[in-house]
Amino acid sequence: MIAGNRIVAAAFGGALCLAASSGLSAADASLTMKPLMAASFDAGSKHVVSYFASGENGCRLTMMVIDTALNEEPTPQTQATRLVFTVAHGKAAHFDSAAGGSLRFSCVQGAESMRVDKIDRVAANPTTE
């Protein structure tokens with residue numbers, strides 16, 4: 001395993017440990033995260049571990065995403081993906097998986113907390129009667 005893969009695996013494992021120790025449940029429909037508090041979620045076929053840091057421009061969100069059904073040793077095709085971006089004060093960012101699960105990360109004014117809502121997207125076919 002190359003050094004980059006080891007770093008990603010260590011970061012993901014550490015975040016999982018933090019999420020497990022925080023007592024946050026993936027079954028909750030929503031929760032409020034405090035700065036540097038890790039949280040763990042299932043969104044469709046993906047598993048997400050996230051945390052944020054407060055900043056001048058909003059909430060600096062870090063997400064590590066991996067396939068939920070991953071039972072074997074990670075390969076370059078199945079490794080965790082790390083996403084880092086800023087959500088502006090009072091705004092929200094969405095993470096949508098192909099299987100219909102979505103997460104909405106909302107940065108509370110002042111970047112003192114983030115609200116995370118699990119959303120189940122269902123395709124609708126409006127009919128006219």
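Contact here means heavy atoms within 4.5 Å. With that in hand, welcome to a predicted model of a protein chain with one helix and eight strands, where helices (H or I, at least four residues) and strands (E, at least two) are DSSP runs numbered from the N terminus. Phe95 is a good place to begin: not counting residues up to four places away in sequence, Phe95 touches Ala43, Lys46, Val48, Met63, Val65, Gly101, Ser102, Leu103 and Phe105.

A word on conventions: residues are numbered from 1 along each chain as its sequence is written, and side-chain values use heavy atoms, with hydrogens and water left out. Because this is a predicted model, local features need pLDDT of at least 70 and side-chain atom pairs count only at pLDDT 80 or more, while totals for chains, interfaces and linings use all residues.

**Confidence**

- The protein chain has a mean pLDDT (the predictor's confidence in each residue, from 0 to 100) of 77, and 64% of its residues reach 70 or more.
- Among the elements, strand S5 (residues 81–88) has the highest mean pLDDT, 95, and helix H1 (residues 3–22) the lowest, 45.
- Over residues 3–12 pLDDT stays under 50, and the model has nine contacts beyond four places in sequence for them.
- Residues 14–26 also stay under 50 in pLDDT, with 23 contacts beyond four places in sequence.
- Where pLDDT is low, the predicted coordinates should not be read in detail.

**Overall make-up**

- Along the sequence, the pattern is α-β-β-β-β-β-β-β-β.
- Of the 129 residues, 33% are buried; buried means under 20% relative accessible area, exposed over 50%, and partly exposed in between (1.4 Å probe, protein chains only).
- Among contacts with a separation of 6 or more, 40% join residues 24 or more positions apart.
- The accessible surface comes to about 7,700 Å², and 55% of that belongs to carbon and sulfur atoms; such areas come from the Shrake-Rupley method with a 1.4 Å probe, and for residues only the protein chains shown count as cover.

**The sheet S2-S3-S4-S5**

- Four strands in this order form an open sheet with antiparallel pairing; two strands pair if DSSP finds at least two bridges between them.
- Strand S2 (39–43) and S5 are the edge strands, each pairing on one side only.
- Neighbouring strands of this sheet are turned by 30° against each other on average, direction ignored; axes are lines fitted to C-alpha atoms, for helices over the stretch in contact, and angles run from 0 to 180 degrees between N-to-C directions.
- Eight bridges link strand S4 (residues 58–67) to S5 in the antiparallel sense, and Met64 has Arg82 in S5 as its bridge partner.
- Ser50 sits in strand S3 (residues 46–55) and is buried, with a relative accessible area of 0%.
- Beyond its neighbours within four places in sequence, Ser50 has contacts that include Met33, Phe41, Met63 and Phe105.

**The sheet S1-S8-S7-S6**

- This second order also describes an open sheet of four strands with antiparallel pairing.
- S1 and S6 are at the edges with a single partner strand each, so one side of each is left without a neighbour in the sheet.
- From one strand to the next, the twist averages 20°.
- S1 and S8 run antiparallel and are joined by four bridges; Thr32 has Arg115 in S8 as its bridge partner.
- S6 and S7 pair in the antiparallel sense over five bridges, and Ala93 has Phe105 in S7 as its bridge partner.
- The hairpin of S6 and S7 has four residues between the strands, and Gly100 in the turn has a positive phi of about 105°.
- Along S6, Ala93 and Phe95 point to one face and are buried, while Ala92, His94 and Asp96 point to the other and are not.

**The nonpolar core**

- A nonpolar core is a set of buried Ala, Val, Leu, Ile, Met, Phe, Trp, Tyr and Cys residues joined through side-chain atoms within 4.5 Å.
- The largest has 20 residues, and those touching the most other members are Met33, Phe41, Met63, Phe95, Leu103, Phe105 and Met114.
- S4 supplies the largest share of this core, four residues.

**Positive phi outside glycine**

- Most residues other than glycine have a negative phi.
- Leu36 has a positive phi near 65°; Leu36 lies in the loop between S1 and S2 and is exposed at 61% relative accessibility.
- Ala111 has a positive phi near 55°; Ala111 is in the loop between S7 and S8 and is buried at 0% relative accessibility.
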